[in-house]
Amino acid sequence: MCGIIGYIGKDNSVNHLIEGLRALEYRGYDSAGIAFFDTKQKLNTVKAAGRLANVEAMMQITPESHCGIGHTRWATHGAPDDINAHPHGTPSLRLVHNGIVENYAALKEELTALGYTFESETDTEVAAKLLDYYYVKEKLTARAAIERMTSRLVGSWALGILFADDPGTVWAARQGSPLIIGKGENEHYIASDITAILSRTRDYYQLDEGEIAKVTRSSAEIWKDSKPVNKELKVAHWDIEAAERGGYPHFMIKEINEEPTAIRTTLHSRIKDGLPDFSGDGFDTSVLGEISRMHIIACGTAMHAGLVAKGLLNSLAKLPCEVEIASEFRYNDPIVGKGDLVLIISQSGETADSLAALRLAKKKGAATLAIVNVIGSSIAREADSVLYTMAGPEIAVASTKAYSVQTALLYLLSVEAGLVRGRLSREDAAKRVSELYNRAPEAVAEMIAREKEIETVANKISGCEDLFFIGRGADYHLAAEGSLKLKEISYIHSEAYAAGELKHGTISLVTPGVPVVALCTVPDLYEKMVSNIRETKARGAETFMICGADTEVAEGTADHIIRLPEISPELAFLPEVCALQLFAYHAAAARGCDIDKPRNLAKSVTVE
Ligand code: M6R
């Protein structure tokens, strides 16, 4: 998703803009650009399709500048080319934008009638020219012009703005897309998120919905509805090393390696006397005993974590639970309201569909809870209660450690629900919590230690173009996540199937040599899975099995076997997902893919 950076201060702004944009690359982008004042206070723009290096190459030497804005664009309106790249503007101003202006076509018509012409296909250029209209033609002050302009927009935006006649100021505005203001010594930044400025400062102000900010070297003034807003200066606790690769070839593998620690860190403060304790989160768990149904709403990998939770809430707490894709939930007139708890799961806390689903659930009167990784993100701030996962920054587009901490936390929450609903004794609960906290992170570490073994297996499928993951029960949900991971980074087409469903149509695609990965960690369903593996083998499939440490596998059942470390089947999902992540990672590496930034994808999906 698009990234914004801005700088005003004593240093060379161009260096800071490029450095900030590089740190935001993980969000995904297909063009980039900067606008800056040079030493003659002239406003310059440099932008190009493709990687940030193309922008750098256009400036033979780094220009001297102390104020500028920059942008990485993930195309929504118009192709990812030089012209559609941001910044956009007029001789009087430059503007960068993250989000979507939904009514841009009507505004464009209106501005065309007023004599404006457009060179790009973007909604952003429309916003820039609308601002020009209020600033230049209507002669409003900068702040009044931004207020007027944003009041006309429908949609979402985070904006960074420079006015040509004020080289000492960066303006910012936010509605629906994240933006922060970083405070350094006699310098300020604006940024889409903290990773862009972490190497320079940890102090920041969070911009909230509808706010406009004026940022100079020495001050950051913020208004909402034309009234000044006093903001608390926050301190980011993520360290810069955590946002860098730390010697690993890719962020994805670094983040997989961080899973054992991230799981422990997420659980640590939520276990007291061996039992779950969410009091530190301010979450009153008695609600788990009062509700008749839980709805888990999320997208992608976070939704797959929700599917694991559905099974756990059912088995440990007998709590009925629906899991829905956020983009479906919001338009399906969902039957949800008082008496329901809606749980939103999101790593970024900014996913547009998940945020909209949260707002809808609140409007319908449901109690809301969020599981979020990014502190202070929109979903975290708007839910009634929030449980933060403590995975640290997840930079790779493919979500790995975020899923592990989400599912570990959801397990703890399910145990708590079991206690509150009288379905688990304290002894049962304590046994489970102990294995979750003491054994599961170790088991994940042991899985990681067998990376080479998984690499060897992954190399066997790296040349294929179609593959099946099959599973039953909890393994079916793991299959969905394994399949998504493989698709998104290796571009190998794969399907996740409930193993029993294969013969109802899809088995026609299983021909000699097609790989089938069978997840067989649920003891009660093991024999059924073996029958399904046989069905695929009979059609010539190359079969891969993932099973428990002690599972007795008869000779010839599968062509390749990966055994999980010792762990009870109820918690097998943690080492199992780790194996699937490593499998996808090495398949993608063998194919030479751009693992951390897969094509067409963005880390944080802040548009519908
Ligand atoms: O930030 P979120 O957890 O809300 O993101 C949801 C999905 O966009 C995300 O999990 C996506 O599916 C990942 N790229 C998968 O690896």
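# Close-up views of pockets, ligand and cavity

**View A. The second largest pocket holds about 540 Å³ of space.** In this predicted model, the second largest pocket has a lining of 27 residues, and those nearest its centre are Cys299, Gly300, Thr301, Lys603 and Val605. Two or more lining residues come from each of helix 9 (300-317), strand 20 (340-346), helix 11 (352-363), helix 13 (401-420) and helix 16 (474-490). Sorted by class, the lining of the second largest pocket comprises 11 nonpolar, 11 polar and five charged residues. The ligand shown in the next two views sits in this second largest pocket.

**View B. The shell around the ligand consists of 13 residues.** Ser346, Gln347, Ser348, Thr351 and Glu488 are the closest of these residues to the ligand. The ligand sits in the second largest pocket, and the elements that contribute two or more residues to the shell around the ligand are helix 9 and helix 16. Of the elements, helix 9 gives the most to this shell, with three residues. When the shell around the ligand is divided by class, four residues are nonpolar, seven are polar and two are charged.

**View C. Side chains of Ser346, Thr351 and Lys485 approach oxygen atoms of the ligand.** In the side chain of Ser346, an N or O atom is 2.6 Å from an oxygen atom of the ligand. For Thr351, the corresponding separation between an N or O atom of the side chain and an oxygen atom of the ligand is 2.4 Å, and a polar side-chain atom of Lys485 lies 2.9 Å from an oxygen atom of the ligand. The ligand taken alone exposes 410 Å², of which the protein buries 90%.

**View D. The largest pocket encloses about 630 Å³ of space.** Its lining is made up of 35 residues, and the closest to the centre of the largest pocket are Ile194, Trp238, Val374, Ile375 and Gly376. Strand 11 (203-206), strand 15 (234-235) and helix 12 (378-382) are elements that each provide at least two residues of this lining. In terms of residue class, the lining of the largest pocket contains 16 nonpolar, 12 polar and seven charged residues.

**View E. One cavity of 30 Å³ or more is found when the whole structure is searched.** About 90 Å³ of space lies in this largest cavity, which is lined by 15 residues, with Cys2, Trp74, Thr76, His86 and Gly99 lying nearest its centre. Strand 6 (93-101) and helix 4 (123-137) are the elements that give two or more residues to the lining of the largest cavity, and the largest share of that lining, three residues, comes from strand 6. By class, four residues of the lining of the largest cavity are nonpolar, nine are polar and two are charged.

**View F. A cis peptide bond joins His86 to Pro87.** The omega angle of the bond from His86 to Pro87 is near 5 degrees, and Pro87 itself belongs to the loop between strand 4 (67-73) and strand 5 (88-90). His86, on the other side of this bond, is also among the residues that lie nearest the centre of the largest cavity.

**View G. Lys318 has a positive phi although it is not a glycine.** The phi angle of Lys318 is about 50 degrees, and Lys318 lies in the loop between helix 9 and strand 19 (321-325). Helix 9, which borders this loop, is also the element that gives the most to the shell around the ligand, with three residues, and helix 9 is one of the elements that supply two or more residues to the lining of the second largest pocket.

Technical notes:
Residues numbered from 1 in each chain as written. Predicted model: local features only at pLDDT ≥ 70, side-chain atom pairs only at ≥ 80, totals over all residues. Heavy atoms only, no water. 1 Å grid on protein atoms, 1.4 Å probe; cavity = no way out; pocket = protein on both sides within 12 Å on 5 of 7 lines; lining within 4 Å. Points joined across faces, edges and corners; volume = space filled by probe spheres on them. Helix = DSSP H or I, 4+ residues; strand = E, 2+ residues; numbered from the N terminus. Nonpolar A, V, L, I, M, F, W, Y, C, P; charged D, E, K, R; others polar. Near = heavy atom within 4 Å. Polar contact = N/O pair within 3.5 Å; in protein donor to acceptor, adjacent residues only side chain to side chain. Areas by Shrake-Rupley, 256 points an atom, 1.4 Å probe, with all protein chains shown as cover. Sits in = over half its atoms within 2 Å of the grid points.
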